[in-house]
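Please open the model in a viewer and display it as a cartoon, with side chains available on request. The tour below proceeds by selection, one stop at a time.

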Amino acid sequence: MKSRRLLPDRSWILAVVMAGLVFAGVLIGSFIRSTDNSFICSLASKKFRAAAEYASTPAQLQAIVHYATSRTTPQQNIDEISITLDVFRSRSFAPANFLVFGLGFDSLMWSALNPKGKTIFLEEDPSWVKSVLKDAPLLNAHTVQYRTQLKEADGLLNSYRKEPMCSPAKAYLDGNYACPLALTGLPDEVYATEWDLIMIDAPRGYFPEAPGRMAAIFSAAVMARARKGPGVTHVFLHDVDRKVEKTFAEEFLCRKYLVKGVGRLWHFEIPPAANMTGQDETSWFC
């Protein structure tokens with residue numbers, strides 16, 4: 001994602017973690033296959049069978065080989081990655097809808113953590129998408145065009161409340177051209193899916209003409225508030241040490257929904273608007 005820099009010397013840690021998860025599942029799967037199915041199925045718990053299924057996907061195997069043989073590692077450190085991993089663990093690795101803003105050295109890892117679910121990556125640079133998919137064709141990645149620039153961040157924050165279509169009561173994304181913070185050009189599949197987890201680690205936000213993450217943060221908040229299913233939406237925001245990420249997170253994702261922060265990563269659990277207290281037609285996001 002971001003600078004797509006090389007981060008050596010940590011790939012073996014991630015490879016060992018991924019290999020451990022898969023090795024346990026392979027043992028279970030081999031045990032089940034080597035014994036009479038009717039007998040084993042009567043004894044094996046649902047969790048064991050789910051683990052066996054979870055641990056044998058091509059995405060996971062490719063991730064292990066990639067991180068074990070490459071000196072490029074994810075942008076996030078092990079403590080930051082563990083926050084997202086803990087959420088998947090809390091769900092018993094049940095299939096999830098996982099939307100990731102950004103495509104980079106960590107994409108195979110995110111996809112491998114959600115092998116039976118839907119994981120979509122959104123990236124602003126078409127050439128980078130082509131480069132990554134050449135080596136990892138199993139990833140579901142799309143190019144996205146942003147309507148904002150980082151140098152506009154202060155103006156957008158100060159003026160968005162003047163536009164009714166940016167208000168929580170009226171905001172939507174697909175076709176909402178009146179609100180400059182709404183992401184209007186996403187694939188139809190993104191709009192049609194209710195996301196369980198959203199990771200914001202892109203677009204670039206370190207030079208004035210870069211898109212910045214203002215629209216990604218706003219749009220994640222709109223998606224989370226529109227949730228119809230049970231539970232919360234987990235939103236992870238990286239690079240909160242930077243002014244724009246921190247300021248827009250406090251404006252749209254809300255401190256009251258911040259449940260954990262490690263390093264440069266914040267984790268929010270945002271309930272649907274229908275479950276929020278103290279909200280009415282005149283309320284804003286936080």
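Begin by selecting isoleucine 200 and leucine 237: in this predicted model, isoleucine 200 stands opposite leucine 237, a residue of strand β5. The two strands concerned, β4 and β5 (residues 233-238), pair in the parallel sense over four bridges. To follow the connection between them, trace the chain from β4 through helix α10 (residues 214-225) to β5; this β-α-β crossover is right-handed.

Keep α10 selected and add the strands beneath the cursor one by one. Helix α10 lies across β1, β4, β5 and β7, and its direction is at about 175° to that of β4.

Next, select β4 itself, residues 197-200. Are its two faces covered or not? Both are covered: Leu197 and Met199 are buried on one side, and Ile198 and Ile200 are buried on the other.

From β4, move to strand β1 (residues 97-101), which pairs with β4 in the parallel sense over four bridges. Show the side chains of valine 100 and methionine 199 here, since valine 100 stands opposite methionine 199 of β4.

Return to β5 and select strand β7 (residues 265-270). These two strands run antiparallel and are joined by six bridges. Leucine 237, already displayed, has tryptophan 266 as its bridge partner in β7.

Now select threonine 233, which lies in strand β5. How accessible is threonine 233? Its relative accessible area is 1%, so threonine 233 counts as buried, the cut-off being under 20%. To see the surroundings of threonine 233, display the residues that it touches beyond four places away in sequence: Trp195, Asp196, Ile198, Ala224, Arg227, Phe268, Glu269 and Ile270. Among these contacts of threonine 233 is Ile198, one of the buried residues of β4.

Zoom out to view the whole sheet. Strands of a sheet pair through backbone hydrogen bonds, either parallel or antiparallel. In this model, seven strands form an open sheet with mixed pairing, in the order β3-β2-β1-β4-β5-β7-β6. Colour β3 (141-143) and β6 (258-262) to mark the edge strands, each of which pairs on one side only. On average, neighbouring strands of this sheet are turned by 15° against each other, direction ignored.

For the last stop, go to the β3 edge and select helix α7 (residues 126-135). Helix α7 lies across β2 (118-123) and β3, running at about 160° to β3.

Definitions and conventions:
Residues are numbered from 1 along each chain as its sequence is written. This is a predicted model: local features need pLDDT of at least 70, side-chain atom pairs count only at pLDDT 80 or more; totals for chains, interfaces and linings use all residues. Side-chain values use heavy atoms; hydrogens and water are left out. Buried means under 20% relative accessible area, exposed over 50%, partly exposed in between (1.4 Å probe, protein chains only). Two strands pair if DSSP finds at least two bridges between them. A crossover is right-handed if, with the strands pointing away from the viewer, the path from the first strand over the helix to the second runs clockwise. Contact means heavy atoms within 4.5 Å. Axes are lines fitted to C-alpha atoms, for helices over the stretch in contact, and angles run from 0 to 180 degrees between N-to-C directions.
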